[in-house]
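The following paragraphs lead the reader through one chain, beginning with its sheet and moving on to its helices and its backbone. Please keep the structure in view while reading.

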Amino acid sequence: MELVCCLAMKDPQVYHHLLPLARHPLVSRLWIVRSHQSAYGTIPKAEYVLTPMPKPWRWLQMLRRCRALAARPNVTAFLSFNPFPYGLISMLAARRFSLPTHFGFVGLDWHQHMQGPLRRMLMPTLGRAAFITVAGAGMRQDMIDRGLDADRIAVLPHSIDPV
């Protein structure tokens, strides 16, 4: 299976969040859609789709590239680690081909988005997600209390690769 990940985290974060996915035996390719290739470390089975232009043009280019990847026969899901704009880009690209979308919350982004100007869009967007991962039980419970399906939210604590 091939996975598409649209994101804009720092290079070490990209490496440590995507390396476990790339190492999974069922993953044959991991498409990483972002502005630049990571200089931190090599992710096996990863192929970068670069969009080096300035925002907001980058986001439009990311959507175009993600839609093209969604049309590939072996792409089975989209991943994102920030709901706006990258999760929304992933969801829009995946929806056209009825592919599932994952939203991952890796830190304060949940609380920032719940307080920010896009908070009204957040819950309907997350309601369309096939799966959501969060860094802790408190964030998971907050999402459940706000009406998201508990069966689609898993706690995935931060970790490091000891090797």
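Two strands are taken to pair if DSSP finds at least two bridges between them. The model considered here is a predicted one. In it, β5 and β6 run parallel and are joined by three bridges. Within this part of the sheet, Phe-103 stands opposite Ile-132 in β6.

The neighbouring pairs may be read in the same way. On one side, strand β4 (residues 75-80) pairs with strand β5 (residues 101-104) in the parallel sense, over three bridges, and Leu-79 stands opposite His-102 in β5. On the other side, β6 is joined to β7 by three bridges, and these strands too run parallel; here Thr-133 is placed opposite Ala-154 in β7.

These pairs belong to an open sheet of seven strands with parallel pairing, in the order β3-β2-β1-β4-β5-β6-β7. Because β3 (46-50) and β7 (153-155) stand at the edges with a single partner strand each, one side of each is left without a neighbour in the sheet. From one strand to the next, the twist averages 20°.

Helices pack on this sheet. Helix α1 (residues 11-23) lies across β1 (2-6), β2 (29-34) and β4, and runs at about 160° to β2. Helix α6 (residues 137-145) touches β6 (131-134) and β7, and its direction makes about 165° with that of β7. Together, β6, α6 and β7 make a β-α-β unit that is right-handed.

Helices also meet one another. The axes of α2 and α3 come within 8 Å and cross at roughly 35°, and the crossing is right-handed. From α2, the contact involves Trp-59, Met-62, Leu-63, Cys-66, Arg-67 and Ala-70; from α3, it involves Pro-85, Tyr-86, Ile-89, Leu-92 and Ala-93. By class, this contact of α2 with α3 has ten nonpolar residues, no polar residues and one charged residue.

Helix α3 (residues 83-95) has a further contact, with helix α5 (residues 119-127); their axes come within 11 Å and cross at roughly 35°. Here α3 passes α5 in a left-handed crossing. Pro-83, Phe-84, Leu-88 and Met-91 of α3 make this contact with Met-121, Leu-122 and Thr-125 of α5. The contact of α3 with α5 comprises six nonpolar residues, one polar residue and no charged residues.

How many salt bridges does the structure hold? There are five. One salt bridge joins the side chains of Glu-2 and Arg-72, at 3.0 Å from N to O. This pair links distant parts of the chain, since Glu-2 is in strand β1 and Arg-72 is in the loop between α2 (57-70) and β4, 70 residues apart.

Some details of the backbone remain. Most peptide bonds are trans, and most residues other than glycine have a negative phi. The peptide bond from Lys-55 to Pro-56 is, however, cis, with omega near -5°; Pro-56 lies in the loop between β3 and α2. The bond from Phe-84 to Pro-85 is also cis, with omega near 0°, and Pro-85 is found in helix α3. Lys-45, although not a glycine, has a positive phi of about 65°, and its place is in the loop between β2 and β3.

Terms used. Residues are numbered from 1 along each chain as its sequence is written. This is a predicted model: local features need pLDDT of at least 70, side-chain atom pairs count only at pLDDT 80 or more; totals for chains, interfaces and linings use all residues. Side-chain values use heavy atoms; hydrogens and water are left out. Helices (H or I, at least four residues) and strands (E, at least two) are DSSP runs, numbered from the N terminus. Axes are lines fitted to C-alpha atoms, for helices over the stretch in contact, and angles run from 0 to 180 degrees between N-to-C directions. Contact means heavy atoms within 4.5 Å. A crossover is right-handed if, with the strands pointing away from the viewer, the path from the first strand over the helix to the second runs clockwise. A crossing is left-handed if the near helix is turned anticlockwise from the far one by less than a right angle, and right-handed if clockwise. Ala, Val, Leu, Ile, Met, Phe, Trp, Tyr, Cys and Pro count as nonpolar, Asp, Glu, Lys and Arg as charged, and the others, Gly among them, as polar. A salt bridge is a side-chain nitrogen of Lys or Arg within 4 Å of a carboxyl oxygen of Asp or Glu.
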